[in-house]
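Colleague: I'd like a close look at a single part of this model. Could you walk me through it, and then show me how the rest fits around it?

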Amino acid sequence: MSANDVSAAHRDPHGIALYHAHVYYDPGKTRGLAAQLRERVAAQFPPAKPGRWHDELVGPHTQSMYQIEFPAAMLASFVPWLMLNRDGLTVLLHPETGDDYLDHTAHAAWFGAVLPLRVEVLQKRSAVPASRGGP
Ligand code: ZN
């Protein structure tokens, strides 16, 4: 991260329309718990959209997971519910600001544990006039 990333920290959150909750599980041990959680979310939070199961690792994730996309209007009701009902599963909560890199790092909140991520695969916001050079 460059100094520019840090100085851009004061941002208006009102532009955030969507959040993701990534629910991690172990296919051999906790897939059942993850399935129960998914069903409860679907039943109690209809606006939430559970994504596909990813037993195989995908994107920056280093454990199996599925994501739940939900609208910002659901944040105040869903997040406390998730805190109380995640059944020991690790969850990554992040906003969708258009910068995948910051959303999964500086903007992220973890429940239960902080898992390593392969951040090198994440796209930084292309609209920001990036300081050139440097890997
Ligand atoms: Zn996500």
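Which residues point one way from β4, which point the other way, and are they buried or exposed?

Modeller: Happy to, and keep in mind that this is a predicted model. From β4, Val91, Leu93 and Pro95 point one way, while Leu92 and His94 point the other way. All of them are buried. In a regular strand the side chains alternate between the two faces of the sheet. Put as a count, 5 of the 5 residues of β4 are buried, so the strand is mostly covered. For the protein chain of 135 residues, the buried share is 19%.

Let's place the strand first. The protein chain has 4 helices and 5 strands, and going along the sequence you read α-β-α-β-β-α-β-α-β. The 5 strands make an open sheet in the order β2-β3-β1-β4-β5, with antiparallel pairing. The edge strands there are β2 and β5, each of which pairs on one side only. In that order β4 sits between β1 and β5.

Now take the two neighbours of β4 in turn. With β1, the pairing is antiparallel and runs over 5 bridges. One spot to look at is histidine 22, which stands opposite leucine 92 of β4. With β5, the pairing is again antiparallel, over 3 bridges. Here valine 91 has phenylalanine 111 of β5 as its bridge partner.

Valine 91 is worth a stop of its own. Setting aside residues up to four places away in sequence, valine 91 touches Ala21, His22, Val23, Leu82, Arg86, Phe111 and Gly112. Alanine 109 is another residue to find from here: 18 residues separate the pair in sequence, and their C-alpha atoms are 8.3 Å apart in space. Alanine 109 belongs to strand β5, residues 109-111. It has 13 other C-beta atoms within 10 Å, so alanine 109 comes out as partly exposed.

Just ahead of the strand, have a look at the loop between α3 and β4, where you'll find aspartate 87. Most residues other than glycine have a negative phi. Aspartate 87 isn't a glycine, yet has a positive phi of about 55°. This aspartate 87 counts as partly exposed because it has 15 C-beta neighbours inside 10 Å.

Next, the core. In soluble globular proteins, nonpolar side chains tend to be buried together. The largest nonpolar core in this model has 18 residues, and those with the most contacts inside it are Ala21, Val23, Tyr25, Leu89 and Val91. Two or more residues each come from β1, α2, β3, α3 and β4, the last being residues 91-95. The biggest contribution is from β1, which gives 5 residues.

That brings in α2, which lies across β1, β2 and β3 and runs at about 150° to β1. This helix covers residues 31-44, and its 14 residues should span 20 Å at 1.5 Å a residue; the end C-alpha atoms are 20 Å apart, so the two agree. Within α2, the buried residues are Ala34, Leu37 and Val41. They cover an arc of only 60° around the axis, which means they are on the same side of α2. Gly32, Glu39 and Ala43 are exposed on the other side of α2. Among the elements covering the buried residues of α2 are β1 (18-25), β2 (49-50), β3 (64-71) and α3 (75-85).

Finally, go to the other edge of the sheet. There β2 pairs with β3 in the antiparallel sense, over 2 bridges. In that pairing lysine 49 has glutamate 69 of β3 as its bridge partner. Glutamine 63 is in the loop between β2 and β3. Its 17 C-beta neighbours inside 10 Å are why glutamine 63 counts as partly exposed. Outside its neighbours within four places in sequence, glutamine 63 has contacts with Tyr24 and Leu115. Glutamine 63 and valine 23 are 40 residues apart along the chain, with 9.6 Å between their C-alpha atoms. For the protein chain, 61% of the contacts with a separation of 6 or more are between residues 24 or more positions apart.

Definitions and conventions. Residues numbered from 1 in each chain as written. Predicted model: local features only at pLDDT ≥ 70, side-chain atom pairs only at ≥ 80, totals over all residues. Buried ≥ 20, exposed ≤ 12 C-beta atoms within 10 Å, placed from the backbone. Contact = placed C-beta atoms within 7 Å. Expected span 1.5 Å × (residues − 1). Arc of directions from axis to C-beta. Core = buried A, V, L, I, M, F, W, Y, C linked by C-beta atoms within 7 Å. Pairing = 2+ DSSP bridges. Axes fitted to C-alpha atoms, helices over the stretch in contact; angles between N-to-C directions.
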